[in-house]
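Thank you for making time this morning. I would like to walk you through a structure that may be new to most of you, and I will take it slowly.

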Amino acid sequence: MSETSHFGGRTLARSQALQLLFQAEATGRSVFEVLEGDYALTQGPLDPFGESLARGVDDMRTDLDAIIAVTSSNWSISRMPSVDRNLLRLALYEMLEVDEVATPIAIDECVELAKAYGTAESSRFVNGLLGRVAARLELGEDVISSARAQLAEEAACAEPEQVGD
């Protein structure tokens, strides 16, 4: 991940959280394990809000990935660039769990970070996916429960094909 701009305030904290999430994923460790050892930040020291975001995303990763999986129509999570995947996790965590951050701000911040860290298509991709989730949240949908249920249903439908007895 290369940084193309310098950030400040909460944007810097989000950038730091993204860097921690990226390092955890790249090394097969949890954010907690990364924070216990050596970690690299393009700008430090680590902001408490950034640390809180990274830890929160790490705690909810399974549910966040479920939301991404059922919302992304063309890309499986494993095929997404790591930066995009972690940006989506970060923004979804803020949208669902950080009450003092409004959903449009979480999305805008994610789009800006995607422009700085992602590919040419990243900002459009994350904006579209997060917009679909935001619309469902606006309607009062429990997106975590819905995602869990949809994945369980897909798994149940796939099981008979795999049995082959």
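I will go from the core to one helix, and then to two local details.

Please keep in mind throughout that this is a predicted model. Let me begin with the largest nonpolar core, which has 48 residues, and in which Leu90, Leu92, Met95 and Leu130 are those with the most contacts. Each of the helices H1 (9-27), H2, H3, H4 (61-71), H5 (82-97), H6 (103-117), H7 (122-138) and H8 (143-163) supplies at least two residues of this core.

If we take Leu90 and set aside its neighbours within four places in sequence, we find that Leu90 is in contact with Arg14, Ala17, Leu18, Leu21, Leu53, Val57 and Leu113.

Leu113 is also among the buried residues of H6, a group that includes Ala106, Ile107, Cys110, Val111 and Tyr117, and in which Glu109 appears as well. What covers these buried residues of H6 includes H1, H5 and H7. As for its length, H6 has 15 residues and reaches 21 Å from its first C-alpha to its last, which is close to the 21 Å expected at 1.5 Å a residue.

Now to the local details, starting with the peptide bond between Gly44 and Pro45, which is cis, with omega about 0°. In general, most peptide bonds are trans. Pro45 itself is found in the loop between H2 (31-36) and H3 (48-59).

Finally, what about the aromatic rings? A search of the whole structure finds zero aromatic pairs, although Arg10 does lie over the face of Phe49, at 3.9 Å from the ring centre.

How values were computed:
Residues numbered from 1 in each chain as written. Predicted model: local features only at pLDDT ≥ 70, side-chain atom pairs only at ≥ 80, totals over all residues. Heavy atoms only, no water. Phe/Tyr/Trp six-rings, centres within 6.5 Å; stacked < 30°, edge-to-face > 60°. Lys NZ or Arg CZ within 6 Å of the ring centre and 35° of its normal. Helix = DSSP H or I, 4+ residues; strand = E, 2+ residues; numbered from the N terminus. Core = buried A, V, L, I, M, F, W, Y, C linked by side-chain atoms within 4.5 Å. Buried < 20%, exposed > 50% of the residue type's maximum accessible area, 1.4 Å probe, protein only. Contact = heavy atoms within 4.5 Å. Expected span 1.5 Å × (residues − 1).
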